[in-house]
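Please examine the structure shown below. The discussion is intended to be read with the coordinates at hand.

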Amino acid sequence: MDVPSMSRPQWTDLVTGKKTYQLKFLAAKILLGRLVHSVKENPTPANIKSCIEQVYNVYAKNAGSPSVQEDLTTIFG
Amino acid sequence: MIQDIMTVAETAKLIEAGNVLLLAGDEAVLRQLPKGNWIGGTIPYFISHAEGGLATRDRIFVTDVTGVAQSVEIVERDANGLAKVYAEGPQEGFSVVIIPALSKAHLSFALNAPNYKDFGVRPLIGWISGVHLDDLGKVTPKVFNGVTGNALEEGAVVLQATLKPGKVAEVGIVNLFEQGGGDILTFPADGFSAKEVLVNGEKRNFAAYIVKNKLDTRLPLVADYYGALVNISFQGIDEVEGEVKFYAPVFTGIRYKHAKPVADYGEAFKACLENKCQLSEDRVVFSCNCILNYLYSGLEGKKTDPFVGPITFGEIAYQLLNQTLVYLEVHDV
């Protein structure tokens, strides 16, 4: 699966903590541990956009990894 | 792929054959090796398939990644230069970093890596080099650049490996510790030590809190990073100064809990592998485990198959971890 566009609402749900997923990709989990907290502290559109860009970037640069593919299926179906 | 304890002569033969090696051993044996495609760090504790946990100053733990690496580059980075460690990793590969314990690079990486540019965009694994516990305070931990023969007690060595086509690398962890059912602990500042802690939101002196609640400091603090459990190990408590020291930094905004006890590391390890980890031994190309697990769980003479490797003063799976086994898998895709 290609990494879905940053405009997909699931990215916002992910970084705001609105939805919680059982993820596999370690780098994304560690990153999200910080980003979800960052958005809770500063829920501005600019910060949400920045956090989406960071997590999208981590998934996009590791798209060939089996755990990334599992996560994308978990998040986007 | 070799992951085994070897003599200096056996290791030298592999180096001279042009193999790409990750090495761990006492400083005296690493200094005897010829130049070549290798990086190394000082430590005399290992887990091997044949002997389990052991301490030896005479032999070297050899991890041979020749079979998966199409090409490698070995670089040295100072504390500031480590900020590029994710961004400059090979596009289709992985990086292995070794940093000497208590160096500026160690402290800087521990505190700042989560905020380095492009955190997590390339697989990064590694470890913190150390010394025999009898040599603590007498000998400094070192890292070695095999290409130049340099031995560094400040800075880091990084092996950047581009994988052969059709392969992809993944970094994983095995952490037997889970958050206990106690208080939620948060800290007002990032750092390797803390005087103040917020216990369920109420400000307290952390040293006094630990003493009053009789917390077993062999068990780490555990943070839940979106399901990834990350430990912070206790180094010591100064009751006079009211200060608690850690082997990795605590971070503001992260909620920590004291870990549940693990009755038998070996049994828990087996159960974890059977229940949680879906690993194929032939995919694991490198792993290392923590000196505190080795000591507190009595791993001398015990095996943690399929994982073997150096016993370290800190583990790196993207960022610095404590009391955790980290491993690198290479998949065929």
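The following paragraphs treat the contact between the chains, then the domains of chain B, and then several individual residues.

The model is predicted. The contact between its two chains, A and B, draws on 24 residues from chain B and 24 residues from chain A. The size of an interface is often given as the accessible area lost when the parts come together. For chain B and chain A this buried area is about 1900 Å², and carbon and sulfur atoms contribute 63% of it. Which three residues of chain B supply more than any other three of the area that chain B buries against chain A? They are Phe119(B), Glu170(B) and Tyr226(B), which together supply 36% of that area.

The polar side of the contact may be considered next. Between chain B and chain A the count of salt bridges is zero. Nine residue pairs are nevertheless found in polar contact across this interface, with both residues at pLDDT 80 or more. On the side of chain B that touches chain A, strand β13 (residues 167–174) of chain B gives the most, with five residues. By class, that side of chain B divides into 14 nonpolar, seven polar and three charged residues.

Attention now turns to the interior of chain B. The domain assignment of chain B gives domain 1, comprising 3–173 + 267–332, and domain 2, comprising 185–258. The C-alpha centres of domain 1 and domain 2 of chain B are 27 Å apart. At their junction, 13 residues of domain 1 of chain B are in contact with 15 residues of domain 2 of chain B. The area buried between these two domains of chain B is about 1200 Å², with 59% given by carbon and sulfur atoms.

Across the interface of domain 1 and domain 2 of chain B there are zero salt bridges. Seven residue pairs are in polar contact between the two domains of chain B, again with both residues at pLDDT 80 or more. On the side of domain 1 of chain B that touches domain 2 of chain B, the elements that give two or more residues are α3 (104–112), α6 (291–296) and β26 (319–321) of chain B. That side of domain 1 of chain B has nine nonpolar and four polar residues, and no charged residues.

Helix α3 of chain B merits a closer look. Its buried residues are Ala105(B), His106(B), Ser108(B), Phe109(B) and Ala110(B). These buried residues of α3(B) pack against β8 (93–100), β9 (124–129), β15 (191–194), β21 (243–250), β25 (315–317) and β26 of chain B.

Two residues with polar side-chain contacts come next. Asn145(B) is placed in strand β10 (residues 143–145) of chain B. Is Asn145(B) buried or exposed? With a relative accessible area of 3%, Asn145(B) falls under the 20% limit and therefore counts as buried. Its side chain makes a polar contact of 2.9 Å with the side chain of Glu76(B). Beyond residues up to four places away in sequence, Asn145(B) touches Trp38(B), Ile74(B), Glu76(B), Asn150(B) and Val157(B).

Glu329(B) lies in strand β27 (residues 325–332) of chain B. Glu329(B) counts as buried because its relative accessibility is 8%. The side chains of Glu329(B) and Arg283(B) are joined by a polar contact of 3.1 Å. When neighbours within four places in sequence are left aside, the contacts of Glu329(B) are Val168(B), Ala169(B), Glu170(B), Leu279(B), Arg283(B) and Val284(B).

The last two residues are Leu185(B), in strand β14 (residues 185–186) of chain B, and Glu300(B), in the loop between α6 and β24 (309–312) of chain B. Leu185(B) is buried, with a relative accessible area of 1%. Although 21 residues separate Leu185(B) from Phe206(B) in sequence, their C-alpha atoms are 9.4 Å apart in space. Leaving aside neighbours within four places in sequence, the contacts of Leu185(B) include Val197(B), Phe206(B), Tyr209(B) and Ile254(B).

Glu300(B), by contrast, counts as exposed because its relative accessibility of 58% is over 50%. The C-alpha atoms of Glu300(B) and Ala55(B) are separated by 7.9 Å, while the two residues are 245 residues apart along the chain. Not counting residues up to four places away in sequence, Glu300(B) touches Gly53(B) and Tyr294(B).

Notes
Residues are numbered from 1 along each chain as its sequence is written. Chains are lettered from A and ligands numbered from 1 in the order in which they are written. This is a predicted model: local features need pLDDT of at least 70, side-chain atom pairs count only at pLDDT 80 or more; totals for chains, interfaces and linings use all residues. Side-chain values use heavy atoms; hydrogens and water are left out. Contact means heavy atoms within 4.5 Å. Buried area is the accessible area (1.4 Å probe) that two parts lose on being put together, summed over both. A salt bridge is a side-chain nitrogen of Lys or Arg within 4 Å of a carboxyl oxygen of Asp or Glu. A polar contact is a pair of N or O atoms within 3.5 Å; within protein, one must be able to donate a hydrogen and the other to accept it, and residues adjacent in sequence count only if both atoms are side-chain atoms. Helices (H or I, at least four residues) and strands (E, at least two) are DSSP runs, numbered from the N terminus. Ala, Val, Leu, Ile, Met, Phe, Trp, Tyr, Cys and Pro count as nonpolar, Asp, Glu, Lys and Arg as charged, and the others, Gly among them, as polar. Domain bounds come from an automatic or database domain assignment. Buried means under 20% relative accessible area, exposed over 50%, partly exposed in between (1.4 Å probe, protein chains only).
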